[in-house]
Amino acid sequence: MALKAAPVLVCCSNNKKDNPFAQPGFCFSDFGFKRSDFLNLRIYRVRECLAHSHRAITPVEDEIPSTPAVVEEEETQISLHRGFHKDLNSLPKPLSAADLSSSYSDGTNVRVAYQGVPGAYSEAAALKAYPKCETVPCDQFEAAFKAVELWLVDKAVLPIENSVGGSIHRNYDLLLRHRLHIVGEVQLVVNHCLLGLRGVRKEDLKRVLSHPQALDQCEKIMNELGVTRVNAEDTAGAAQIVASERVRETGAVASARAAEIYGLDVLAQNIQDDSDNITRFLILAREPIIPGTDRPYKTSIVFTLEEGPGVLFKALAVFALRGLNLSKIESRPQKLRPLRVVDDSNTGSATYFDYLFYIDFEASMADSRAQNAMGHLQEFATFIRVLGCYPMDTVL
């Protein structure tokens, strides 16, 4: 509850007619005051009463998010098999980007959004970061960003890179589009499992569903079984489809937790081709954290440069000159200005692609070396933004 200031106007008057405190019958001693303290003072009416200040604060026009019209879609009904897992319908429904309704939270638990359905690796990353949190599934990456911006959740945990599959470019683009801050990271070991219905052997499978990246990471066992690969939105979603359709010849590549949630058997464990399969997730919040020096920190930035020889070398040199280690370099094309035409040569104009450069360096913004490096970079960067400064995570 916020109280709005109510000004009290005070003036002086020597006229007894206009001064109610100077009238006969008024006694200051009744209120514990001396008459001399208030002589010739007149208190005008308070413009607004504080007793009626239990009103909600109305945001200014700039702070009111535009609410798009929500189109009601017919809900798809799934006929349940008698042996269907009994808890499937009790799972939380994923949020969509158009779902703008607010939800009540008493603040006792942190609400964390992730992309996918229960049993996804993103949910496991959220539970690693906040073991007692309430996880909120979202149907798309951008829905998780919007859920944080609209105060539906406190934080979001989204994948940014995988040690085998590389960067998730979609989330790099969304980091620049939205004004959220990176407040942490989670590194999660990925152990893919082959899932199927109860009583089914892996040799009985004819097709396997999963995320395209998960299928590529398990290419060896897919070739051995000779199965048809079918792409799905995510790994846990593939397990959910297998559980709902009840086709014995269909399996899924997902986590062991997804098998537990959807009542499936684990037909094979750790089926990924590369045993060192690690996904790095970012934790996003509305407000940044105060950087410290009590533990190893990482800082993520994005910047653009003018075209010219050695410009990128100069940009990277500001970190090397101060002994700052770069742990990640990523480039993405600028969508608002993808091409740049330069006409400074005798042979005609030259066309270049315009890029954004994302860099992670291992230092806190509280470190003077990082501050000096950023100041140096600003001398020739046309645009620069700090995405976040946060504690580094290690694989457990």
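**View 1. The lining of the largest cavity combines 9 nonpolar, 1 polar and 2 charged residues.** The structure shown is a predicted model. The largest cavity has a volume of about 70 Å³, and the count of cavities of 30 Å³ or more comes to 3. Its lining consists of I160, Y172, L175, I182, R280, L282, S300, I301, Y358, I359, D360 and L387. At least two lining residues of the largest cavity are supplied by each of helix 4 (169-177), strand 13 (278-285), strand 14 (297-305) and strand 18 (355-361). Strand 18 gives the largest share of this lining, 3 residues.

**View 2. Residue I182 of strand 7 is shown with its surroundings.** Strand 7 spans residues 181-189. I182 has a relative accessible area of 2% and is therefore buried, the cut-off for this class being under 20%. Leaving aside residues up to four places away in sequence, I182 touches L175, L282, I283, L284, S300, L387, G388, C389 and Y390. C389 lies 207 residues from I182 along the chain, yet the C-alpha atoms of the two residues are separated by 6.8 Å. I182 is also one of the residues that line the largest cavity, as are L175, L282, S300 and L387.

**View 3. The second largest pocket holds about 520 Å³ of space.** Two or more residues of the lining of this pocket come from each of helix 2 (121-129), strand 5 (155-162), helix 5 (212-217) and strand 13. The lining comprises 22 residues, and those that lie nearest the centre of the pocket are Q115, F141, P159, H211 and Q213. With 3 residues, helix 5 provides the largest share of the lining of the second largest pocket. By class, this lining contains 8 nonpolar, 12 polar and 2 charged residues. Strand 13 also supplies at least two residues to the lining of the largest cavity.

**View 4. Residue D367 is located in the loop between strand 18 and helix 10.** Helix 10 comprises residues 368-377. The relative accessibility of D367 is 19%, so the residue counts as buried; the class requires a value under 20%. A polar atom of the D367 side chain lies 3.0 Å from the backbone nitrogen of R369. Strand 18, which precedes this loop, contributes 3 residues to the lining of the largest cavity in View 1.

Terms used. Residues are numbered from 1 along each chain as its sequence is written. This is a predicted model: local features need pLDDT of at least 70, side-chain atom pairs count only at pLDDT 80 or more; totals for chains, interfaces and linings use all residues. Side-chain values use heavy atoms; hydrogens and water are left out. Helices (H or I, at least four residues) and strands (E, at least two) are DSSP runs, numbered from the N terminus. Buried means under 20% relative accessible area, exposed over 50%, partly exposed in between (1.4 Å probe, protein chains only). Contact means heavy atoms within 4.5 Å. On a 1 Å grid over the protein atoms alone, a cavity is a set of points where a 1.4 Å probe fits but cannot get out, and a pocket is an open set with protein on both sides within 12 Å along at least five of seven lines; lining residues have an atom within 4 Å of a point. Grid points are joined across faces, edges and corners, and a volume is the space filled by probe spheres set on the points. Ala, Val, Leu, Ile, Met, Phe, Trp, Tyr, Cys and Pro count as nonpolar, Asp, Glu, Lys and Arg as charged, and the others, Gly among them, as polar. A polar contact is a pair of N or O atoms within 3.5 Å; within protein, one must be able to donate a hydrogen and the other to accept it, and residues adjacent in sequence count only if both atoms are side-chain atoms.
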